[in-house]
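Reader: I would like a close look at one part of this model. Please start with a single contact and work outward from there.

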Amino acid sequence: MLKSKLPLLYFLSGLLFLSCFYFGLRLAEHKFLWNDEIYSQIASVNGPSYSNLLLGRIGEGNTCPLFYSIQKIICDLWQYKTPNLWHYQNVFDRIILRLNPIFFMSASIMCIFFYFSRFYSLVAGVYSLFITFSSYMVWVYWAEARPYGLWFFFTTLQSLFFIYLLRHTELNRRAWTGLVVIHFFLSLTVIFSVAQILIVSGLIWILKERNWKKYVFLVFIPSSIALFYYLQAPHYQFWFDLTSEQLIRDCFSRDRFYILFIFFFLLGMYFLAQKTGLPKSFPDKSLLEGVPCFFLAVLMLLAAFAVLVLFKINVSPQKEGFPIASRYFIYLTPVGIISTTLLSMNIFWALSGNRWIQMLNNKAFLGPIG
């Protein structure tokens, strides 16, 4: 987008954030706090001190302290004393305890819109909003006083910084530093972030930067932090009440798989034409821009399936403990939103040589401005 239009984009992004934040407050107002939210607040926010939170002394499966610390800060600033929420709760309880996830989910939506509007076009940004608002997990965890909104936010930033970093021929130091900071926050948010950190860093190693010293802060320290909190975590028994497909599909819907398959098919055709000398179906290299994002989505999905296999191996035959829920894979939702938006645009551009597509395609419609 032209720099002269950036003030308009900042205004629209700010307006989008405020609208989403207000809508989240309305959701919180009409949604009763349920058992897991109440337990987290009473046992994991009210109970431990800040030092105990930092040391991972939290009575939950995820002992990473960032979400609980933010909740504790909000309650301290408001001088909020948690009542017995299992017996009584009012509108204020529902809102104050959900300010944290509402803020971060709203910020996630704004960041996705801003990125595609800034580096592609305003129409691309609006298109990303349609993909975002068609995501089941966004609606379920928009106003939920649990770490999932925070996890969603940092995964969104991680994915956007990753594809931004690989857009440039030279290594962008600011983007690299930003990704380092995001990895530290991810490691303080959820134990499962280890897989995300390893995948993103591994792809950057293969596609961009081979100086291992740069990966000390990008990979090794954040991963060590997350592993430290894993060692503090209690190990509960669990079982499945949904199939593996249902668990993944809640976070990465079937239509997003179709986009991956179509992109993979077209990519295969492109390389086949390059190798065999057959007529090239795609005259420019628009399709190749989506390759890093494609691999990111595929590897994130494979990581989720690997975790499911581990769960299956250790499942309780007597169905003791708690059921595995789709929210444990919520990081797939922002990855799916971003990859679907970008890859579908790449597919559209790649097919622009087709005369029927040309009637619809215009670089000003889904392409970069200026």
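Which side chains meet in a salt bridge at 2.9 Å, N to O?

Author: This is a predicted model. The side chains that meet at 2.9 Å, N to O, belong to Arg249 and Glu245. Both residues sit in helix H13, residues 244–249. They are four residues apart, about one turn of the helix. Arg249 is partly exposed because its relative accessibility is 29%, and the buried class ends under 20%. Glu245 is partly exposed too, at 47%. The pair is also part of a network of salt bridges that links Glu245, Arg249 and Arg254.

Now take the residue next in line. Ile248 lies within the span of helix H13, residues 244–249. Ile248 is among the residues with the most contacts inside the largest nonpolar core. Phe116, Tyr120, Phe329 and Leu332 share that listing, and the core has 97 residues. Beyond its sequence neighbours within four places, Ile248 touches Phe257, Leu301, Ala304, Phe305 and Leu308. Phe329 and Leu332 complete its contacts. In soluble globular proteins, nonpolar side chains tend to be buried together.

A second, separate core has 14 residues. Tyr80, Leu85, Leu97 and Leu99 are among them.

Leave the cores for the other salt bridges. The count for the model is eight. Glu144 pairs with Lys31, and their closest N and O atoms are 3.1 Å apart. This pair joins distant parts of the chain, 113 residues apart. Glu144 is in the loop between helix H8 (136–141) and helix H9 (148–165). Lys31 is in the loop between helix H1 (6–30) and helix H2 (35–46). The partners fall in separate exposure classes: Glu144 is buried, at 4% relative accessible area, while Lys31 is partly exposed, at 27%.

Arg167 and Glu289 form another salt bridge, at 3.7 Å, N to O. Here too, distant parts of the chain are linked, 122 residues apart. Arg167 belongs to the loop between H9 and helix H10 (173–187). Glu289 belongs to the loop between helix H14 (254–276) and H15. Arg167 is partly exposed, with a relative accessible area of 38%. Glu289 is partly exposed as well, at 31%.

Helix H15 covers residues 291–313, and Pro292 is found there. Pro292 is buried, because its relative accessible area is 14%, under the 20% limit. Its contacts, not counting residues up to four places away in sequence, are Phe162, Leu166, Leu203 and Leu207. Pro292 and Ser339 are 47 residues apart in sequence. Their C-alpha atoms are 9.6 Å apart in space.

Asn100 is another buried residue, with a relative accessible area of 2%. Its place is helix H6, residues 99–119. Asn100 touches Phe67, Ile70, Gln71 and Ile74, not counting residues up to four places away in sequence.

Finish at the surface. Tyr50, Ile73, Leu77, Trp78 and Phe92 make a nonpolar patch of about 560 Å². Helix H4, residues 66–78, gives the largest share of the patch, three residues. Phe92 comes from helix H5, residues 91–96. Phe92 counts as partly exposed, at 41% relative accessibility.

Methods
Residues numbered from 1 in each chain as written. Predicted model: local features only at pLDDT ≥ 70, side-chain atom pairs only at ≥ 80, totals over all residues. Heavy atoms only, no water. Helix = DSSP H or I, 4+ residues; strand = E, 2+ residues; numbered from the N terminus. Buried < 20%, exposed > 50% of the residue type's maximum accessible area, 1.4 Å probe, protein only. Contact = heavy atoms within 4.5 Å. Core = buried A, V, L, I, M, F, W, Y, C linked by side-chain atoms within 4.5 Å. Patch = residues over 30% accessible without salt bridge, like charges linked within 9 Å, V, L, I, M, F, W, Y side chains within 5 Å. Areas by Shrake-Rupley, 256 points an atom, 1.4 Å probe, with all protein chains shown as cover. Salt bridge = Lys/Arg side-chain N within 4 Å of Asp/Glu carboxyl O.
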